[in-house]
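Here is a short briefing on how one protein chain packs its interior. Please have a look at the structure first, and then read on.

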Amino acid sequence: MIVIALGANLETKRYGTPQNGLSAALHHLVATGVTLKTCSNWYQSAPFPTADQPWYVNGVAEIACEVSPVALMAQMLSVETEFGCQRDGCNAARVLDLDLIDYNGKILNKPADDNGPAVQLPHPRLHERAFVLLPLAEIAADWRHPKNGRHIDDLITELPPGQKIERMHE
């Protein structure tokens, strides 16, 4: 199972609301050869850690592709750039944030180099983030953390407190 997380809390000039931007980002990934298998509902989440910025819209998607994790990450970064994303530090407000969460249970810690971007698998902080785990539980109720084998329900139970998140209604 290949899982990506999507998030945004700033509007884009071209697509408008963060939710519209996230949907457009998925379409852009499909245009690069990625197959969208399923997508969670969208969630609104307060910035974590707490910050003076708009709430995020988040979701996760299961995809399929024929490229390596490094090539997929490069595609995702390219889509972020196309949307005008500037990585101005950790937890900054963004028009688009795409994270590779799991790639078929692969464990990888590759630094950025001439052969591609940095890739850590599974995503190193996924177990701390309600905005990843709650949507992931929606689409993969039996998912287990590739490194420690923990079931998603256990990871959700052990989330750090104080994360405000709610499912958006269509």
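The notes below cover the nonpolar cores and the strand β1.

This is a predicted model, in which local features need pLDDT of at least 70 and side-chain atom pairs count only at pLDDT 80 or more, while totals for chains, interfaces and linings use all residues. Residues are numbered from 1 along each chain as its sequence is written, and side-chain values use heavy atoms, with hydrogens and water left out.

**Nonpolar cores**
- The largest nonpolar core (buried Ala, Val, Leu, Ile, Met, Phe, Trp, Tyr and Cys residues joined through side-chain atoms within 4.5 Å) has 30 residues.
- Those with the most contacts inside this core are I4, L6, L72, M76, L96 and L100.
- At least two of its residues come from each of β1 (2-8), α1 (18-31), β4 (56-64), α2 (69-82), β5 (97-103) and β7 (119-121); helices (H or I, at least four residues) and strands (E, at least two) are DSSP runs, numbered from the N terminus.
- Apart from it lies another core, of 17 residues, with L133, L136, W143 and L159 among them.

**Burial of β1**
- Seven of the seven residues of β1 are buried (under 20% relative accessible area, 1.4 Å probe, protein chains only), so β1 is largely enclosed by the rest of the structure.
- I2, I4, L6 and A8 lie on one side of β1, and V3, A5 and G7 on the other.
- In a regular strand the side chains alternate between the two faces of the sheet.
- Leaving out residues up to four places away in sequence, L6 touches (heavy atoms within 4.5 Å) residues including L22, L26, W42, V57 and L98.

**Partners of β1**
- β1 and β4 run antiparallel and are joined by seven bridges; strands pair if DSSP finds at least two bridges between them.
- A8 stands opposite V57 in β4.
- With β5, β1 pairs in the antiparallel sense over six bridges, and the bridge partner of G7 there is D97.

Terms used: Buried means under 20% relative accessible area, exposed over 50%, partly exposed in between (1.4 Å probe, protein chains only).
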